[in-house]
Amino acid sequence: MEAPAIPRRRRTRRDWLVDAAMFLLAAAFAFLMSAERLGTAPLPPGWLFPLDQVAGALGCAALWLRRRWPVGLAVTLVALSAVFEMVAGPMLAALFSVAVHRRPRTSGVVFALSVLAAVVFTWLRPEPGMPPLATFMLGLALQGAAAGWGLFVHHRRRLVLAQRDRAARMETEARLRAEQAQHLVREAIAREMHDVLGHRLSLLSVHAGALEFNPGADPADVARAARVIRESAHQALQDLREVIGVLRAPSGGTSGDPSGDPSGEGSALTRPGLPGLADLDRLLAESGEAGMRVRLRDELGGRPREAVPDRTGRTAYRVVQEALTNARRHAPGAEVRLRLAGAPGDGLTIEVVNDTPAAGRPETEGGHGLVGLAERVTLAGGRLEHGPVRRDGGTGPGAWQLRVWLPWPA
């Protein structure tokens with residue numbers, strides 16, 4: 001595939017100096033050749049010598065147009081060089097310009113025409129006392145040197161442009177990677193804030209609702225509910241500060257994810273400071289204070305919950321937290337049955353089941369909590385299932401079940 005032509009740009013001071021140097025070199029070449037012919041004898045026929053000098057002067061002047069019309073000028077000078085000897089200097093400069101500013105295929109065609117013109121010139125105006133082959137080889141060497149030098153400059157410029165383009169692409173890719181890392185961190189912060197605020201605000205709603213619907217409650221109960229509300233609000237702020245502090249902490253890795261996890265979960269959500277499965281008892285106690293009835297069935301085979309890997313434990317904690325929050329919102333007063341089971345190598349299974357309130361099936365499918373939870377579980381390498389179930393062989397009351405499997409490496 002051919003490389004595109006180098007785009008034309010405005011002539012700089014350096015370009016003016018180069019053009020002046022090319023003009024002077026071509027003029028000097030023509031002047032020396034003319035002086036040599038005057039000292040000896042012009043090539044036959046003698047009447048062509050004045051026209052030869054005029055053609056050489058016009059060719060030198062035309063070199064100022066070599067940047068605008070390099071191919072047209074080169075072809076014209078190549079055609080004239082088949083007859084006029086003094087055009088050789090400008091013709092070599094034009095060959096160089098075509099090789100620099102046009103594709104190699106184009107410069108190759110022009111060079112082939114110049115070789116043909118050299119053959120014609122050797123046949124029409126042979127050098128006295130010099131073999132025609134030697135004359136042709138001398139011209140071919142000069143033309144090949146001019147075209148070769150031009151091709152070298154052309155490819156060198158291409159290399160510089162390619163390096164600049166590569167550097168610009170690398171800079172753009174680095175900026176996009178940085179923006180992607182920031183986006184992943186923001187998603188992680190938003191996910192953690194949703195979990196923390198959803199849990200804490202649901203507790204506040206329960207206690208505030210109790211005060212609203214029971215204005216004549218005992219002052220001690222009112223004071224206790226107010227204390228729980230104040231403590232829950234304070235704990236919500238503390239949780240938010242902790243989440244933001246952990247997720248903003250320097251990771252010491254690359255691209256915002258030292259663990260190599262493209263999701264960002266492996267770096268942001270497995271650092272110390274975020275709750276894990278070991279904090280499950282505290283979570284259940286808070287739910288119990290809000291009036292929930294939670295039954296825990298631990299089938300981990302006597303293994304401590306701290307033995308669960310950090311990432312799996314944190315995801316499991318968020319699963320239980322979101323399930324309890326949804327149960328408080330959509331099935332108030334219903335009993336919640338929590339089951340933990342699993343072993344290293346088999347994975348960790350979490351089942352949360354709550355009875356459906358009398359008003360009907362809970363409306364958890366309409367919210368964004370389960371959507372975000374499914375994304376979190378998928379990023380952790382697990383599976384999530386949820387939906388209504390029937391107990392007692394299909395004849396008992398309806399219930400809502402959330403079932404999650406998470407990896408637990410051996």
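Start by selecting S3 and S5: they run antiparallel and are joined by eight bridges. S3 covers residues 347–355, and S5 covers 398–406. Strands here are DSSP runs of E with at least two residues, helices are runs of H or I with at least four, and both are numbered from the N terminus. Two strands pair if DSSP finds at least two bridges between them. For a residue-level view, show Glu 351, which stands opposite Arg 403 in S5.

A word on what you have open: this is a predicted model, in which local features need pLDDT of at least 70 and side-chain atom pairs count only at pLDDT 80 or more, while totals for chains, interfaces and linings use all residues. Residues are numbered from 1 along each chain as its sequence is written, and side-chain values use heavy atoms, with hydrogens and water left out.

**The rest of the sheet**

Next, add S4 (383–390) to your selection. S4 pairs with S5 in the antiparallel sense, over eight bridges. Pick Leu 384 and you will find its bridge partner, Val 404, in S5.

Now go to the other side of S3 and select S2, residues 335–343. S2 and S3 pair in the antiparallel sense over eight bridges, and Leu 340 stands opposite Ile 350 in S3. Colour S2 by accessibility: eight of its nine residues are buried, where buried means under 20% relative accessible area, exposed means over 50% and partly exposed lies in between (1.4 Å probe, protein chains only).

Then add S1 (293–299). S1 pairs with S2 in the parallel sense over seven bridges, and Val 294 stands opposite Val 336 in S2. In general, strands of a sheet pair through backbone hydrogen bonds, either parallel or antiparallel.

With the five strands on screen, you have an open sheet in the order S1-S2-S3-S5-S4, with mixed pairing. S1 and S4 stand at the edges with a single partner strand each, so one side of each is left without a neighbour in the sheet. Neighbouring strands are turned by 15° against each other on average, direction ignored.

**The helix across the sheet**

Select H10, residues 310–330. H10 lies across S1, S2, S3 and S5, running at about 5° to S3. Axes are lines fitted to C-alpha atoms, for helices over the stretch in contact, and angles run from 0 to 180 degrees between N-to-C directions.

**Three helices: H3, H4 and H5**

Leave the sheet and select H3 (residues 70–81) with H5 (residues 104–124). They pack at an angle of about 15°, their axes 8 Å apart. That makes H3 roughly parallel to H5; under 35 degrees counts as roughly parallel, over 145 as roughly antiparallel, 65 to 115 as roughly perpendicular and the rest as oblique. H3 passes H5 in a left-handed crossing, meaning that the near helix is turned anticlockwise from the far one by less than a right angle.

Show side chains where the two meet: Val 71, Ala 74 and Val 78 are among the H3 residues, and Val 110, Leu 113 and Phe 121 are among those of H5. Contact means heavy atoms within 4.5 Å. The contact of H3 with H5 has eight nonpolar, three polar and no charged residues. Nonpolar covers Ala, Val, Leu, Ile, Met, Phe, Trp, Tyr, Cys and Pro; charged covers Asp, Glu, Lys and Arg; the others, Gly among them, are polar.

Now swap H3 for H4, residues 88–101. H4 and H5 pack at about 160°, with their axes 8 Å apart. That makes H4 roughly antiparallel to H5, and their crossing is left-handed. Met 91, Leu 95, Val 98 and Ala 99 of H4 make the contact with Thr 106, Ser 107, Val 110, Phe 111 and Ser 114 of H5. By class, this contact has six nonpolar, three polar and no charged residues.

**Two residues to centre on**

Centre on Ser 97 in H4. Ser 97 is buried, with a relative accessible area of 1%. Leaving aside neighbours within four places in sequence, Ser 97 is in contact with Arg 66 and Pro 70.

Last, jump to Gln 143 in H6, residues 132–213. Gln 143 is buried too, at 4% relative accessible area. Beyond neighbours within four places in sequence, the contacts of Gln 143 include Met 91, Leu 95, Phe 111 and Ser 114.
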